[in-house]
Each structure stands twice: as C-alpha cells, then as structure tokens.
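Hello,

Here is the structure we talked about. My notes on its salt bridges follow below it.

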Amino acid sequence: MSSHRDAVAVLTDWVAPTVEEKLLREEFLDHLRSHHDAMRRECVPGHLTATTAVLSHDGARVLLTLHPKAGMWLPMGGHCEPSDPTLAAAALREATEESGITGLELLPGPLALDRHKVWCHPPHSWHLDVEYAAVAPADAEAVISEESLDLRWFPVDEIPELSDDATRRLAARGRAVLTSRSRARG
C-alpha cells in the first residue's frame with residue numbers, strides 16, 4: 001500500500017473528537033484527492049506530515065524538542081519520506097530519529113489533526129499534521145539530534161508557555177489513551 005492510499009484509509013476511518021478536527025479531516029481528504037503528491041514536501045500548497053508526542057512509560061511526562069525554526073517546544077515530527085509505507089511508520093520514524101530513543105511503542109492513532117503555516121515553499125505553505133503518541137521504555141535516555149536546539153521531558157500538565165495548544169492537546173490525549181490501556185490491562 002502506498003503512503004497516499006494509507007493516509008486516505010486512515011483519515012476516512014478516523015473518528016474526529018471535535019467539530020474542528022472533523023472539518024480538518026475533510027480538508028485533508030480533499031487535499032489527498034486533489035494532489036497525488038500530497039504526502040511529499042514538494043507539494044507546494046501543503047503536504048501531510050506526521051507528529052508524535054513521546055510519553056514517558058507512565059504517561060506522566062512528554063518529551064519535547066526546542067524547534068530551531070519555530071523557536072518553540074514541540075513534539076517530534078516532520079515530513080513523510082518515500083520510504084515510509086504509512087503515516088504511522090512516518091510518525092514512529094520521526095519520533096525515533098528526533099528523540100534518539102529506540103524501542104518506542106506507537107499508541108493506536110491518530111489522536112489529533114492540526115494545520116499550520118510553514119515556509120517550505122515561500123511565501124508559505126501548510127503542514128497538514130496527522131498526530132500520534134508513542135510510549136518510551138522505562139529506562140529511555142533521549143539524545144538531542146541535529147534537528148533540535150534542546151530536548152527535555154516536561155510533566156504533561158506543565159508544558160511550557162513557549163509551546164502551543166496543539167502540543168498540549170496531543171500530550172493530554174496520548175496520556176489518556178495510555179492510562180485507559182493500563183487500566184484495561186490492570
């Protein structure tokens with residue numbers, strides 16, 4: 001399956017938790033129908049991207065990167081690559097590359113959608129962001145990549161001001177999924 005077909009299937013089946021995300025889901029699907037290259041950064045009007053909130057093993061903390069271009073604390077994420085067969089694979093690859101943590105476990109998702117302006121193609125274009133969460137092993141040690149100015153764990157309820165609501169929402173949703181999963185196993 002191509003990443004394009006996977007994205008259509010994932011978004012078609014995804015039940016949006018808010019009205020705003022339902023509208024975004026439809027916008028993303030329209031974009032996929034209109035652009036055969038919607039999964040690639042070369043797609044000028046905008047392209048799908050994959051983001052992952054990396055949670056500690058107990059869901060209490062989230063690992064955020066100080067993004068050099070945005071100047072904000074954000075979850076791991078970025079462009080889909082031709083080698084990514086699915087959105088989930090792109091999300092896990094980006095999280096592993098940017099966190100330096102091996103053995104991440106991707107939670108069922110996506111958990112959220114977000115659209116934000118970027119400057120991949122001047123004067124600007126859009127990232128149509130499909131968002132996931134992953135759980136780090138208990139002994140995980142993060143390693144700063146070349147794509148980050150800093151990398152830190154923050155309590156999910158204390159994400160710094162120098163972040164955004166999408167990051168807070170994703171971390172909270174990831175923690176909720178992890179908590180409900182732990183209760184179901186418990």
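**Salt bridges in the model**

Arg 33 is exposed, at 57% relative accessible area (buried is under 20%, exposed over 50%, partly exposed in between; 1.4 Å probe, protein chains only). Its partner Asp 30 is partly exposed, at 41%. The two side chains form a salt bridge, 2.6 Å from N to O (a side-chain nitrogen of Lys or Arg within 4 Å of a carboxyl oxygen of Asp or Glu). Both residues sit in helix H2 (residues 19-34), 3 residues apart, about one turn of the helix. Helices (H or I, at least four residues) and strands (E, at least two) are DSSP runs, numbered from the N terminus.

A word on the source. This is a predicted model: local features need pLDDT of at least 70, side-chain atom pairs count only at pLDDT 80 or more, and totals for chains, interfaces and linings use all residues. Residues are numbered from 1 along each chain as its sequence is written, and side-chain values use heavy atoms, without hydrogens and water.

The count is 13 salt bridges. Among them is Arg 41 with Glu 81, at 3.3 Å, N to O. Arg 41 is in the loop between H2 and strand S1 (46-55), and Glu 81 is in the loop between strand S4 (76-79) and helix H3 (87-99), so the pair ties together parts 40 residues apart in sequence. Arg 41 is partly exposed at 37%. Glu 81 is partly exposed at 26%.

Arg 181 pairs with Glu 105, with the closest N and O atoms 2.5 Å apart. This salt bridge links helix H4 (residues 165-185), which holds Arg 181, to strand S5 (residues 105-106), which holds Glu 105; the two residues are 76 apart. Glu 105 is partly exposed at 35%. Asp 84, Arg 93, Glu 94 and Glu 97 are joined into one network by salt bridges that share partners.

Best wishes
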